[in-house]
Amino acid sequence: MAMEDRIRELRARMEDALAKAENKEQLAEVWQNYLSKKGQVADLMKGLGSLSPEERPAMGKVINEFKGLAQARYEARAAFLEAAELEKRNRAERVDITLPARKRPAGNLHPITITKNEIIDVFAGMGFEIFESPEIEDDDHNFTRLNVPKNHPARDMQDTFYVADDIVLRTQTSAGQIRYMDEVKPPLKVLVPGRVFRSDSDATHSPMFHQMEGLVVDEHITLGDLQGMLDVFVRGIFGPEVKTRLRPSYFPFTEPSAEVDVSCFQCGGKGCSLCKHTGWIEILGSGVVHHSVLKSCGIDPEKYSGFAFGIGIERIAMLKYGIGNIGLLFENDLRFLKQFKD
Ligand code: DAH
């Protein structure tokens, strides 16, 4: 066959193959068959050898032109397929920005956390630090150094979970007082929030609950300072109208000790079901830090004095939100939890 005919025939076949190539793999096959070093276009060049030297330059030029054209055809098809591919992908990935967004349900803080944060906020405003103390505690920190020696009847005030002979789940955040005063010497003001554990369960008691311990030690600290700070605290939590009242009580680690009542924020003190018609609601225990507690932490009770208090966080939350059963705070029923937004 004459070279021109071969070229024409090859061109027709290649264009047909290109038109049929629908993807990268098929395109690569066309390249391999026609345009690679071993392809049919290269074969044409080899065919030049059978021509006479006079014919060769002109025919070489024709073949070269065809080679350029074949290359261009190939590239055009490749570009077309690539654009089609992109278009297809874009179409598949198209989003309708007019659709309403899918809603992600937003959570909210647990009422215990909300209450804890509120208490911290009020005391942080008075310069208190926060200190965390372990939930698994030794007998020494939970009892002995808080002036509750072994066999002291006051140990019966709390039903303790024992982990080992001298290791307990802490029954009170008061243990944190000892740990803090081992590290920090007065003047000091600290809050110890955390979980505590007692074998006790009814509508107002849970085997695990939360306390917030407060401790202030400095020179010349008195019960007056305690009551002043507690007034700021209850107003921060229950509103500007309330006030506190101290009633004599007993705790081994304070002397004197006091139960603190807040005037009823529901009836303003006139008497209602919430305050059991007394006008007052008991909210926490407190007192002047016992000299033996200070001594056990290497603090001179002749020079320094202090006060401490222990707040039950569940109790405050239940009063504030009118929750009748402590169990609701731990059941994690979303219908209950969703009602609290801080
Ligand atoms: N730890 C006591 C309790 O769990 C509460 C308490 C009372 C803490 C008086 C104090 C305090 O710091 O001074 O019942």
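The paragraphs below go through a predicted model, starting from one strand and moving on to two pockets and a loop residue.

Strand 10 (305-312) is a convenient place to start. Of its 8 residues, 8 are buried. In a regular strand, side chains alternate between the two faces of the sheet. In strand 10 both faces are covered: S305, F307, F309 and I311 are buried on one side, and G306, A308, G310 and G312 are buried on the other.

Strand 10 pairs with strand 6 and with strand 9. The pairing with strand 6 is antiparallel and has 8 bridges; in it, V217 stands opposite G306 of strand 10. The pairing with strand 9 is also antiparallel and has 5 bridges, and here V288 stands opposite F307 of strand 10.

These strands also take part in the lining of the largest pocket, whose volume is about 1200 Å³. The elements that give two or more residues to this lining are strand 6, strand 7 (244-251), strand 8 (254-263), strand 9 (280-289), strand 10 and helix 10 (313-321). Strand 9 gives the most, with 8 residues. The lining has 47 residues in total, and those nearest the centre of the pocket are H205, E282, I283, G312 and R315. G312 is also one of the buried residues of strand 10. By class, the lining of the largest pocket is made up of 18 nonpolar, 20 polar and 9 charged residues.

The second largest pocket holds about 320 Å³ of space. Its lining comprises 15 residues, of which N23, K24, L81, E82 and E85 are the closest to its centre. Helix 2 (24-35) and helix 4 (56-93) each supply at least two residues of this lining, and helix 4 gives the most, with 10 residues. By class, the lining of the second largest pocket divides into 6 nonpolar, 1 polar and 8 charged residues.

The last stop is T222, in the loop between strand 6 (208-218) and helix 8 (223-238). Is T222 buried, partly exposed or exposed? T222 counts as partly exposed because its relative accessibility is 41%, and the class runs between the limits of 20% for buried and 50% for exposed. A polar atom of the T222 side chain lies 3.1 Å from the backbone nitrogen of G224. T222 and V288 are 66 residues apart along the chain, and their C-alpha atoms are separated by 7.4 Å. V288 is the residue that stands opposite F307, which leads back to strand 10.

Definitions and conventions
Residues are numbered from 1 along each chain as its sequence is written. This is a predicted model: local features need pLDDT of at least 70, side-chain atom pairs count only at pLDDT 80 or more; totals for chains, interfaces and linings use all residues. Side-chain values use heavy atoms; hydrogens and water are left out. Helices (H or I, at least four residues) and strands (E, at least two) are DSSP runs, numbered from the N terminus. Buried means under 20% relative accessible area, exposed over 50%, partly exposed in between (1.4 Å probe, protein chains only). A polar contact is a pair of N or O atoms within 3.5 Å; within protein, one must be able to donate a hydrogen and the other to accept it, and residues adjacent in sequence count only if both atoms are side-chain atoms. On a 1 Å grid over the protein atoms alone, a cavity is a set of points where a 1.4 Å probe fits but cannot get out, and a pocket is an open set with protein on both sides within 12 Å along at least five of seven lines; lining residues have an atom within 4 Å of a point. Grid points are joined across faces, edges and corners, and a volume is the space filled by probe spheres set on the points. Ala, Val, Leu, Ile, Met, Phe, Trp, Tyr, Cys and Pro count as nonpolar, Asp, Glu, Lys and Arg as charged, and the others, Gly among them, as polar. Two strands pair if DSSP finds at least two bridges between them.
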